[in-house]
Structures are given as structure tokens and as C-alpha cells.
Amino acid sequence: MDTLRDRWDEVQTRIAAACARAGRSESEVLLLAVTKVFPASVIEDAYALGMREFGENYVQEFEGKRPQLPPLAGARFHLIGHLQSNKSKKAAELFDVVQTVDSAKLARRLDECGKPMEVMIEVKLSEEEAKHGCDPAELPALVEAIRACPHLRLTGLMTMPPWDEDAERARPYFARLRELAAAHGLPRLSMGMSNDLEVAIAEGSTMVRVGTALFGRRKKP
């Protein structure tokens, strides 16, 4: 039975191969280990192997896990799920990065918490009702609003294309996000997951969000 170390090695090999094909350095692509619906012990195990960037989807879930974690020097926690503005204060307390800012109201709420924080804008490029994010047409105004917030540091964009077994179908969404980021001078692109990280890296991703390929299928409680 494969271990977490085996799966981590395999994911790193995939990232390295994708970077080589794209003529990019491996150092340009960050691996974000997505630990939602897994216990705090899984984060500790991943940290022990060398992982330092962790993604969680739900404020309430991570609020329960965070006190169970010992001090993990150098670890950073990213919120990658939809954030309601009424939970912004708690999110600011728990997370180092919020990748899913999608409105000026949410940005202001986070800024009001007074904690210096890295943020990214989630852009909705899919027609799916369930997907969240800023409409591309509203992106310029939102970029301007966030840059006016003294405690927030806007570093990039993130998106989630429609699920498809054929990873190539995600390529137009990744290419579009890259174009939008370039237009606004934003260097970081959070895009690509377990099934399509190679395509995302080919299109310029600087951060792939990997859960299943590292930790297996999640069994929701």
C-alpha cells in the first residue's frame, strides 16, 4: 500500500515533468496540500515530510483543527473555499492567505481586521451555478478596491474550471486566467488540481492545489 511519502514523491515528479515540458523551473510552482475533511494529524504528517503550504475550504472546519496543531514553523494556511463576509474576522485569525476574495465588501471586511494578509481574487470563468468568484468584467474595479486596502497584499488570481475527466478541457480557463493576471500585473496563479495540474502548469500556474493525489479520496463526515 502506498504511503503519503510515495504519493508526495509522485506528485513532485509530475510537477517536475510538467515544468520541464513547459520550459519552466520547478521553483516557479508551489504545491498547496489540500487537507480539507482530513484530521489535524494528516497536516502534521505532511509537515513532517516537508510540506509547508496547506489549503482548507471551510472556516468552521479549520477552526476546529487549528487548536489541535502544534506550532509548525514556516507553515502557511490558505483558505481556498468560498468566504462569506460575516466570517471574515474568523478567517483573518485562522489563515495566512485568503485565495477567494470575490467582492470589494469582503476585501474591506478583511482589511478592517487589521492583520497584514496576502489575498488572491477568485475569478469565475465557468458558467456553473455552484462556482463562486468575481466576474471578469468586474475584475478591474475589484483589483483597484483591494489595492486601496492598507492591510491586504494582492498577489494573484485563482479559478476552478468545470470538472472534466479530460484535463485538456480545462486549458481555455487556465489560459484566460493567465491573460487576466498579466493584464493587471499580478504574478501568482492558483490553478490546477490533482487531475489537471500538468495542463495548468503548461498555462502558467504558480500554485497547484492538490488533495486527492496526496491524501486519497475524502470521506465527508
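**One helix and the core around it**

Okay, let's start on the outside: on one side of helix H1, Glu10, Thr13, Ala20 and Arg21 are exposed. Before I go on, remember that this is a predicted model.

So what sits on the other side of H1? The buried residues there are Leu4, Arg7, Trp8, Val11, Arg14, Ile15, Ala18 and Cys19. If you look down the axis of H1, those buried residues fall within an arc of 130°, so they line one face of the helix. That spacing makes sense if you remember that an α-helix has 3.6 residues a turn, so residues three or four places apart point the same way.

H1 itself covers residues 4-22, and its 27 Å from first C-alpha to last is close to the 27 Å expected. Right after H1 comes glycine 23, with a positive phi near 70°.

And what covers the buried residues of H1? The cover includes strands S1 (30-34) and S8 (207-210), plus helices H2 (40-49), H8 (197-202) and H9 (212-215).

Now, zooming out. The protein has 9 helices and 8 strands. Its radius of gyration is 17 Å, close to the 17 Å the globule rule gives for 221 residues, so it's as compact as a globular protein of that length. Buried residues make up 51% of those 221.

On to the core. The largest nonpolar one has 66 residues, and Leu110 and Ile121 have the most contacts inside it. Apart from that core lies another, of 5 residues, among them Leu32, Val34, Ile80 and Met158. As for isoleucine 121, leaving aside neighbours within four places in sequence, its contacts include Val101, Leu142, Ile146 and Met158.

Key
Residues are numbered from 1 along each chain as its sequence is written. This is a predicted model: local features need pLDDT of at least 70, side-chain atom pairs count only at pLDDT 80 or more; totals for chains, interfaces and linings use all residues. Side-chain values use heavy atoms; hydrogens and water are left out. A nonpolar core is a set of buried Ala, Val, Leu, Ile, Met, Phe, Trp, Tyr and Cys residues joined through side-chain atoms within 4.5 Å. Buried means under 20% relative accessible area, exposed over 50%, partly exposed in between (1.4 Å probe, protein chains only). Contact means heavy atoms within 4.5 Å. Helices (H or I, at least four residues) and strands (E, at least two) are DSSP runs, numbered from the N terminus. The expected span of a helix is 1.5 Å times one less than its number of residues. The arc is that of the directions from the helix axis to the C-beta atoms. The radius of gyration is taken over C-alpha atoms; the globule rule is 2.2 Å times the number of residues to the power 0.38.
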